[in-house]
Amino acid sequence: MGVIEMIDPATGERLGELEETSPEAIERAMVHARKAFRRWGNLPLSERMDHISRLRRYIVEHADELAATVVKDTGKVHLEALMTEILLTVDFIKYYEKRAASILKPKKVPTPITLIGRRSWVEYRPMGVVAVISPWNYPFQLAMIPAISALVAGNAVLIKPSEVSPLTGLLIEKVFRKVGFPEDVVQVIHGGKEVGERLIQARPDKIFFTGSVASGKKVMAAAAEHLIPVDLELGGKDPMIVFADADLRRAANAAVWGAFTNAGQTCMAVERLYVESSVYETFVQMVKERTEALRLAEEESDVGSMTFPRQLDIVEEHLADAKEKGAKILCGGRRTGTDGLHFEPTVLVDVDHSMRIMSEETFGPVLPIMPFDTEQEAIRLANDTPYGLNSSIWTKNRKKARRVAARIEAGNVCINDVMINMVNPGLPYGGVKWSGIGRYHGPEGLLSFCHRVSLISHPGRKKREINWYPYSQRQTDAIRYLIRLLYGKGLHLSMKEMFNLAVQFLRRK
């Protein structure tokens, strides 16, 4: 069992240490979670939602306090913590408070005429114990939202926060304790890679993982050993396409925020910016000016520090590779200070797809900009990636926007906006290609933590059905007539054939 050192990434201040959860404690947590699931999953939805509503009220009443802890843990600015960690979480809870009952209620399904006399419907039942393995870049909401979804659906939850942001893991533990959630329905497991492996070996009934592609592949491989279903919310290399007829001022403001919010450590950040050649120079200058105006490492900062030292190393490696291959840094490009993990917002030009900064996830405050000449070229460049999480298209021509959006290979598309898909709790969120498997948010996000159980009911008064033994020539004829009647070109049955069909379907003996 190891020890996690807690460090404020903005200042380098040591905040303490935290013992990792032992293998034996993980096994006990799973046993307790299974017992808790039997109680929690059998509660009426209204009672589960009472607990969820209390959770929302607690988060609202302690919003600044919770945000301050996240800031100390991650280095992001307070406004961003309030906006992206607290606001998103409570808005999401409110959505399910309003809609969970209608989403989870049994759904009637049409029954075909070949099954005459029966009724069909679908019920949504909880899966059991859900393991939520969450990342360090948005450590509160990216743990809370999938956990809350699983809880609303009736599951017990084991949360393993990232070892990079352990303070928020302790915070989540405290929040559920303060709200008075039933014992063992939500438990927090602390630790790194080995703890995550142990959690999977404990065989939860579902795994929800948010993190890097490399880690996601390992989680999926480990889960496959036990046939555990997984949802993977992974990284992105998200393109932003700006056409000449776009509102350039709005697009420039969006590009700067989309690239540098949370110091660029956002899976759906703008990591590649393509601008139509006729406005390229003008637009680059607009972005450069807005970037240079950002405040860094001040009391009222716009951009906070990075969170994970290794991620800052990756940013510098990508920049070095780009410069070596001919890229030019227009502004930024350096660490600031000596103790924290601050890095200047950086704008880069003269880039191409041979550079790591245009092909690999950088996950830092860097914005590479590249020109294009035609709509077809912009689409080709945007899709020239193994990732497919988010994207944005900028033009005043709605028809062109929809046409381009239809050809972008991504799970989420914004038109004249950036990174906003995740803010609407009613929209499903997730990626394609390397960016993930599954969806959360919206109705899909709740149902992803349910078993969909199909039910069909017969009155039970008939002694025999047309498809039961013993077989006869008249049954064979009736099935043949049925195929012709329902699926052929028209009604061409004789009275004798119709009579036999009716007898075979409707007889009771």
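The exercises below, each with a worked solution, concern the predicted model of this chain.

Residues are numbered from 1 along each chain as its sequence is written, and side-chain values use heavy atoms, with hydrogens and water left out. Because the model is predicted, local features need pLDDT of at least 70 and side-chain atom pairs count only at pLDDT 80 or more, whereas totals for chains, interfaces and linings use all residues.

**Exercise 1. State how many helices and strands the chain has, and what share of its residues is buried.**

Solution. Begin with the DSSP runs, numbered from the N terminus, where a helix is H or I over at least four residues and a strand is E over at least two; by this count the chain has 16 helices and 18 strands. Next apply the burial classes, in which buried means under 20% relative accessible area, exposed over 50%, and partly exposed in between (1.4 Å probe, protein chains only); buried residues make up 54% of the 509 residues. Finally, taking a contact as heavy atoms within 4.5 Å, residues 24 or more positions apart account for 70% of the contacts with a separation of 6 or more.

**Exercise 2. Describe the hairpin formed by E1 and E2, and assign the residues of E1 to its faces.**

Solution. Two strands pair if DSSP finds at least two bridges between them; strand E1 (residues 3–7) and strand E2 (residues 14–19) pair in the antiparallel sense over five bridges, and one of the bridge partners is Arg14 in E2 for Ile7. Six residues lie between the strands of this hairpin, and Gly12 in the turn has a positive phi of about 80 degrees. For the faces, recall that in a regular strand the side chains alternate between the two faces of the sheet. In E1, Ile4 and Met6 make up the covered face, while Val3, Glu5 and Ile7 make up the uncovered one.

**Exercise 3. Give the strand order of the seven-stranded open sheet, and locate helix H11 relative to it.**

Solution. The order is E12-E13-E14-E11-E10-E15-E16, with mixed pairing. The edge strands, E12 (328–331) and E16 (414–415), each pair on one side only. Within the sheet, E13 (residues 346–349) and E14 (residues 366–372) pair in the parallel sense over three bridges, and Val347 stands opposite Leu367 in E14. Helix H11 (residues 309–324) lies across E12, E13 and E14 and runs at about 25 degrees to E13, where axes are lines fitted to C-alpha atoms, for helices over the stretch in contact, and angles run from 0 to 180 degrees between N-to-C directions.

**Exercise 4. Examine the salt bridges of Arg403 and Glu292, and name the residues of the network that includes Arg310.**

Solution. A salt bridge is a side-chain nitrogen of Lys or Arg within 4 Å of a carboxyl oxygen of Asp or Glu, and the whole structure holds 28 of them. In the pair of Arg403 and Glu375, the closest N and O atoms are 2.7 Å apart; Arg403 lies in helix H13 (residues 398–405) and Glu375 in helix H12 (residues 375–383), so the pair ties together parts that are 28 residues apart in sequence. Glu375 is buried at 13% relative accessibility, whereas Arg403 is partly exposed at 37%. Glu292 meets Lys288 at 2.9 Å, N to O; because they are four residues apart in helix H10 (residues 277–292), about one helical turn separates them. For the network, the linked residues are Arg310, Glu317, Arg356 and Glu360, and the bridge between Glu317 and Arg310 within it is 2.9 Å, N to O.
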